[in-house]
Number of protein chains: 4
Amino acid sequence: MADALLEPLFGASAMQAIFSARGRLQGMLDFESALARVQARLGLVPAAAAECIAACCRAERFDLEALGRDALPAGNTAIPMVRHLTRIVGGQDAAAAAHVHFGATSQDAMDTGLVLQVRAALDWMESQLERLADAAAELAGRHRETVVPGRTWLQHAMPIPFGLKAAGWLDALGRHRARLDEMRPRALALQFGGAAGTLASLHPHGLAVAAGLAAELGLALPAVPWHTHRDRIAELGATLALLVGTLGKIARDVSLLMQSEVGEAAEPSAPGRGGSSSMPQKRNPVSCAVVLGAAVRAPGLAATLLSAMVQEHERGLGGWHAEWPVLPELFDLAAGALEHTHGIVAGLEVDAARMRANLDATQGQLFAEAVKIALAPHLGAPQAHALVEQACRTATAGRRHLRDVLGADAQVRGILPGAALERLFDPARALGAGAELIDAALAAHRRRR
Amino acid sequence: MADALLEPLFGASAMQAIFSARGRLQGMLDFESALARVQARLGLVPAAAAECIAACCRAERFDLEALGRDALPAGNTAIPMVRHLTRIVGGQDAAAAAHVHFGATSQDAMDTGLVLQVRAALDWMESQLERLADAAAELAGRHRETVVPGRTWLQHAMPIPFGLKAAGWLDALGRHRARLDEMRPRALALQFGGAAGTLASLHPHGLAVAAGLAAELGLALPAVPWHTHRDRIAELGATLALLVGTLGKIARDVSLLMQSEVGEAAEPSAPGRGGSSSMPQKRNPVSCAVVLGAAVRAPGLAATLLSAMVQEHERGLGGWHAEWPVLPELFDLAAGALEHTHGIVAGLEVDAARMRANLDATQGQLFAEAVKIALAPHLGAPQAHALVEQACRTATAGRRHLRDVLGADAQVRGILPGAALERLFDPARALGAGAELIDAALAAHRRRR
Amino acid sequence: MADALLEPLFGASAMQAIFSARGRLQGMLDFESALARVQARLGLVPAAAAECIAACCRAERFDLEALGRDALPAGNTAIPMVRHLTRIVGGQDAAAAAHVHFGATSQDAMDTGLVLQVRAALDWMESQLERLADAAAELAGRHRETVVPGRTWLQHAMPIPFGLKAAGWLDALGRHRARLDEMRPRALALQFGGAAGTLASLHPHGLAVAAGLAAELGLALPAVPWHTHRDRIAELGATLALLVGTLGKIARDVSLLMQSEVGEAAEPSAPGRGGSSSMPQKRNPVSCAVVLGAAVRAPGLAATLLSAMVQEHERGLGGWHAEWPVLPELFDLAAGALEHTHGIVAGLEVDAARMRANLDATQGQLFAEAVKIALAPHLGAPQAHALVEQACRTATAGRRHLRDVLGADAQVRGILPGAALERLFDPARALGAGAELIDAALAAHRRRR
Amino acid sequence: MADALLEPLFGASAMQAIFSARGRLQGMLDFESALARVQARLGLVPAAAAECIAACCRAERFDLEALGRDALPAGNTAIPMVRHLTRIVGGQDAAAAAHVHFGATSQDAMDTGLVLQVRAALDWMESQLERLADAAAELAGRHRETVVPGRTWLQHAMPIPFGLKAAGWLDALGRHRARLDEMRPRALALQFGGAAGTLASLHPHGLAVAAGLAAELGLALPAVPWHTHRDRIAELGATLALLVGTLGKIARDVSLLMQSEVGEAAEPSAPGRGGSSSMPQKRNPVSCAVVLGAAVRAPGLAATLLSAMVQEHERGLGGWHAEWPVLPELFDLAAGALEHTHGIVAGLEVDAARMRANLDATQGQLFAEAVKIALAPHLGAPQAHALVEQACRTATAGRRHLRDVLGADAQVRGILPGAALERLFDPARALGAGAELIDAALAAHRRRR
């Protein structure tokens, strides 16, 4: 439902232009125009009629509100489109009107029109996704050695390079790009079958018209019409929702890092951004909120498209209808989330000093596993685990540094004297293969470019 | 997302007016206006300032597009509303501007404003629901004795009165009315807590202002603010989706009855309704399609509101944001489905002759259980079941009437001679307690009125 | 699907007992037993036969695996149950076998059996919910004056009493109890209609048997059978999912409070609880994870039950089948989440000193609104907001206390000299109506007991 | 949740074996075994210890119930697995116990174990999917010229070859096979990162161990660990749900064709299959019900996995947990639906005579578009449409054949004299490109084999 207060916040203007009522209409008109031209080329329609039809297929010549009103009794948007187009064409060339929509059914125009909108939307999504991946790559490379507490179950675990977080985001984004690539030929397919999918009214020219249309519109030519096989549509929804899931994960990470008590990274700030109507000190993670909101919404919309797949015989009753508003909604929220995430990642304010301070705040507990590993060959793994576990409890209870507690243990001192123990608490030595893993993600990113 | 081509078909104009951007803004302004008036009454704000504020709280004085643009950096719709309102008030009375939104937080205005929209929406829904129940009751009463094949697993089962179908719809609608009644006091609750829910900036007048606001707006006064306890919102969603589920069941029934091969009932027809862009003979169940489409969409939207419940501390990050577009969407599609279902039920064209012809078409198989019951005391139930099952197979294979097959069986003839067998195949005698059940549903409906 | 590794962690053993295969079978057998007894009372079945049937209706006499195998071709669980029961009864009293399941249809036994399971499950849920509410009330009362940073958008907002968090949980739990109460009469309704809902095979005794059955089983007697009106079932799902949403909110709060950098509250610890297979220092919020996991799963299951409502004619094809595993799953995960949440809330370890330390860590920024409110009458609200906003930025940039930055401003000093400014930074004075709101929630809780 | 009554009906025994508790355990043990062997090969672990560990990694040596009990406090299934394995290994070779699970974290074992289960499950799914596609191809080829009414909006539209329905199913199944192929390398990836994803405890051997593990297990080696990037898991869910959507479409088609009033096709029958507990004549579409039920359930489960993607930092809290029971559930129901659909398609009983009779039943209205197309060049398209539309109404109202009504119209007779009109009502001539489209789908199928 239209809401001028919310659309700028949640969506993307590019998507709102593509999936507007006008965009929907123009998609159908592009189908009708191509149909007439192809039929003219095949000698099925007079060239002059086709030219006239093509010239009339411009959305700005139509009254959208009147079309909307007429869609109510018709039950779809193509019937009034055909009627209005016929009238417009007839006003110009009475003979041409007879050739409008020749041999096609409503769903041919609606689905192919939608596919044309989808192509524009996917082009935009892919370029934005590449831009986001670049920003994540830049961030990962920049923080190859910035130490931050790794956190599991929302608890300090071990130190990691901050760039590894961004490398994880980058790696996931790469898989989304692959999915979009693989999906394209399935998603961008012509729909053309006529009333019941047999191209009967064009017989014996149906297949030639279909092939011509696919070529004309630059779409894949499917083996058979797919009027009630909606996996192509539902796959679009699932693929977008998968992407939004990753964006939500990024926003969750950043919003947690931005907490007052953590303060390790923050959305970029700007005057007037993230304030409060009551509290002057606030700097709210506005973009994270939008992206997390999208991640709450996308699964339900993707599920709707999956539910809608169970369509009847040669034309769906309800399932098809459910798709009409839902797919555009999903594109818009995915695109909005993508723009916001790009803003977050490209402008992320990183506070390496705070990361280091947070590391220190848990007084060495992040290094407990390192000590355990060092003790294990001497004590046995379970015994080493138990010894360090107990030392952690002692340290927590007494608010002491874990190194000091362990250093006071004669058995530990025997195995790890002085500097050996000290070395285990050096964050820079604790990052394992972190930097190499970042490099691997960056290399994979470069290969995809 | 706005789409002028789809909104008339899928939604209800009443809902689109209530939940428009303007409606959203006016809801917040009604909150601000009431807040100022109540604070004036308590001596917290000068009476003149409150009057000025109240006078400025009219949505038509605001630029919706500018508000939408400003919501983007702000992350919500209340911050720009407060800023624009302050400017408008200040233009009229500079001193009054200081008292705008006093002691409130953005979410107070947004949630209370939403609750006011919801109240208008529920009022409309309830009156429409009553109208639909009346139509179902009328239909049930009218067809108390019209015989139709009862169908289980989409197969002929036993004859039932057609009115029993409508009585089932009616009975379910009654439960939905009860749910809406029970939910109202939970849903229609004031939100007022200030920045973190303690009413701190109004201390020690916070509770008095809250009580005054609830009274002024006619809303329930909750024990504590519910900023991050969203069960009230998610319950609205679930309750609407439950209703849509029942509407979908009705539409499924009617669309199946309307199949070319069944033809027992049909949506009302009208010139230009349910046609096809290609096939002149078509009379498509347009309203059923819309209602079934709504039934595909509602569960995902309700699930979204349930998912959004997991909100953080004193203000949700993402979960709250997900609610903003979703609840209005759900109201709109439920309302659209309700209007279409009323059209279907109130105008249903019933073909009793066709029902009778369809009964006859399965040549007595609908009466198999009646014969089994009659034979069971003599043969034992499993034996009777097996005998009739075999007779049904024989009848189907030979395209014979079940009565004839059974009549040719000496054992059956011994138990059910001539007329006794014949009587078991009389549809009018086969309706069991059908009429009394219809009466019970009608009586319950009258009690609810 | 069965998984002995996961069930103890995610579910509740009480629920797993109620909704086991044996529980499902016993529910159906309780229906069959009551049916025979009621029919005997009405003289429709010999008393001895009814006694024999009732005596055989004990799940332990059945081979569950054989029933499962037979359910595959039958398509439901009642057909093999009736067949096996008939055989068992026949083995004892050949004549009695003829009276098994007399006049009933599979769905009568399955639905009524399910309703009996649901009653046991709701009883358990309600008692657990009361126990949880008591624990939340105790926590709220205990921390009526414990100061903690209120957090909005995951940022420090204003101080609040910690008990107000628990009061918010408590208040929401109260609404869930009300919902369960209101739902009970709708959920706990007899299903009894025979093959197509007309009670035809019992005519003219059908209504008397139905009334007798409802009385015998202590269930509500519906006006008409509800075989394909599944709002009762879907409402159960929605109501459980609503509850799980609130539990998820509690777990989200606790898991955030338990972060290494926050440390204000923690799940109770125990030896062997929340450890790690690698890191000895870990104390993971295990129960929070389970509850949050449940909150991720419940919306999809509730949506499934809503989607399943669109059922055909007199018996659903697919929609009905979808309910069978889903409703028990939802009960089990809701019950598991309820038990875990009780463990969290009843045993919550609260660290008031850490709360106070965290308050201090943002160096007075939590009091920014209080200063703004104090300055507003002198400067005008927007000017006050801007002044304090700028002071916050200065304080953050210079890592200074907000009080010191403001105290250095001559304009501020003029309005709020020395102690007046100091007083605004006193947490105990900043709690507004927090304590009274807690009291209101506790009073409402006592009224519900 | 386990339910021996439902599992045979809804699931597939192959899947239940793969995803049993034992299967889950064995997956983790296969990881531990490979880890030890690879580490021995790299000289990190004594060869004898690795041999001992590998020998102990057999699920039958473990007590599943004890593991389940221990998973409750641990919060995952790997911690008790490691503890029990260590004990078992230690019982055999005390020194070897120290090398169990060396350098790995719980999630490494759990995720990699899951991936191994998934590989077995995908292998099975793909072979079944191929078998189903073969059956659909056979059906499509067999009914290349069998005429059936094409139906749109559940109304007769135009005649189509029955094989075109099956060709549509086949074509969609081909896309699902492509999706599974494309997904495999993403889904079948090693998980190995240690406590926080840096392989720190194995440093500097971490990457070598990872590469060795991937080779040993035959899995893809990811650039970085994917502990909290769950798109691989959620994509599995979405891809399975897409497949189930297509299966649901097939089941919807068959169940509609099998209605008493249509009777054009039926699930294969067998003694004891699809009966009723009350009605002897019933032959219920049991498999359709199961498949349609799966199509109701799959979207919610797929949405759950999408919702679960928003995971925290280096280890998810709740989101990860939600996946554990949900992905196996989805595999099981998809596999069950696949088996049932194969049964339906491979054994479909087709009644070509009934198809022809149903065609005739609407007295020529299926040919309305053909007449319109023939008249359009002479009358103009809108006029031709209107003329035929009116003739259809006249025919319906008078229960006359459309050909007779049109033949009585002088204008029509002028354009389409006698045989010309007659020819338009010949079903065999009305199939357009139907046969060629079937051939195209079959050719594409052969290319995929």
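Here are some worked exercises on how the chains of this predicted model fit together.

The model is predicted, so local features need pLDDT of at least 70 and side-chain atom pairs count only at pLDDT 80 or more, while totals for chains, interfaces and linings use all residues. Residues are numbered from 1 along each chain as its sequence is written, chains are lettered from A and ligands numbered from 1 in the order in which they are written, and side-chain values use heavy atoms, with hydrogens and water left out.

**Exercise 1. Work out which symmetry operation takes chain A onto chain D.**

Step one: superpose the copies by least squares on the C-alpha atoms of residues with pLDDT of at least 70 in both. Chain A then lands on chain D with an RMSD of 0.0 Å, after a turn of 180 degrees and a shift of 0.0 Å along the axis. That's how a two-fold axis relates its copies.

Step two: look at the surfaces, where contact means heavy atoms within 4.5 Å. Of the interface residues of chain A, 100% are interface residues in chain D too, so the copies meet through the same surface.

**Exercise 2. Describe the interface of chain A and chain D: how many residues does it take, and what area is buried?**

Start with the head count: 89 residues come from chain A and 89 residues from chain D. Next, the area, meaning the accessible area (1.4 Å probe) that two parts lose on being put together, summed over both. Here that is about 7500 Å², with carbon and sulfur atoms giving 68%. On the chain A side, A:Trp153, A:Lys249 and A:His313 lose the most, together 11% of what that side buries.

Now for the polar side of things. The rule finds 34 residue pairs in polar contact across this interface, both residues at pLDDT 80 or more. (A polar contact is a pair of N or O atoms within 3.5 Å; within protein, one must be able to donate a hydrogen and the other to accept it, and residues adjacent in sequence count only if both atoms are side-chain atoms.) Helix 10 (residues 231-257) of chain A brings the largest share of its side, 15 residues. (Helices are DSSP runs of H or I, at least four residues; strands are runs of E, at least two; both are numbered from the N terminus.) Sorted by class, that side has 49 nonpolar, 22 polar and 18 charged residues. (Ala, Val, Leu, Ile, Met, Phe, Trp, Tyr, Cys and Pro count as nonpolar, Asp, Glu, Lys and Arg as charged, and the others, Gly among them, as polar.)

**Exercise 3. Find salt bridges that tie chain A to chain D, and say where their partners sit.**

The rule asks for a side-chain nitrogen of Lys or Arg within 4 Å of a carboxyl oxygen of Asp or Glu. It gives 14 salt bridges across this interface.

- A:Lys165 pairs with D:Glu314, closest N and O atoms 3.1 Å apart. A:Lys165 lies in helix 8 (residues 162-187) of chain A and D:Glu314 in the loop between helix 11 (286-307) and helix 12 (319-346) of chain D, so the pair joins two chains. A:Lys165 is buried at 3% relative accessible area, and D:Glu314 is buried at 9%. (Buried means under 20% relative accessible area, exposed over 50%, partly exposed in between, with a 1.4 Å probe and protein chains only.)
- D:Glu182 meets A:Arg186 at 2.9 Å, N to O. Each lies in helix 8 of its own chain, so this pair joins two chains as well. D:Glu182 is partly exposed at 24%, whereas A:Arg186 is buried at 8%.
- A:Arg179 and D:Glu235 also form a salt bridge, at 2.9 Å, N to O.

Finally, zoom out: A:Arg179 and D:Glu235 belong to a salt-bridge network that also includes A:Asp171, A:Arg175, A:Glu182, D:Arg186, D:Asp231 and D:Arg232.

**Exercise 4. Do the same for chain C and chain A: which residues supply the area?**

The contact takes 42 residues from each of chain C and chain A. About 3400 Å² is buried, 53% of it on carbon and sulfur atoms. C:Trp153, C:Glu261 and C:Pro280 supply 21% of the area that chain C buries, more than any other three residues.

The salt bridge count is 2; A:Glu261 and C:Arg151 meet in a salt bridge at 2.7 Å, N to O.

For the symmetry, a turn of 180 degrees and a shift of 0.0 Å along the axis lay chain C on chain A with an RMSD of 0.0 Å. C:Glu261 comes closest to the rotation axis of the residues of chain C, at 3.0 Å (C-alpha).
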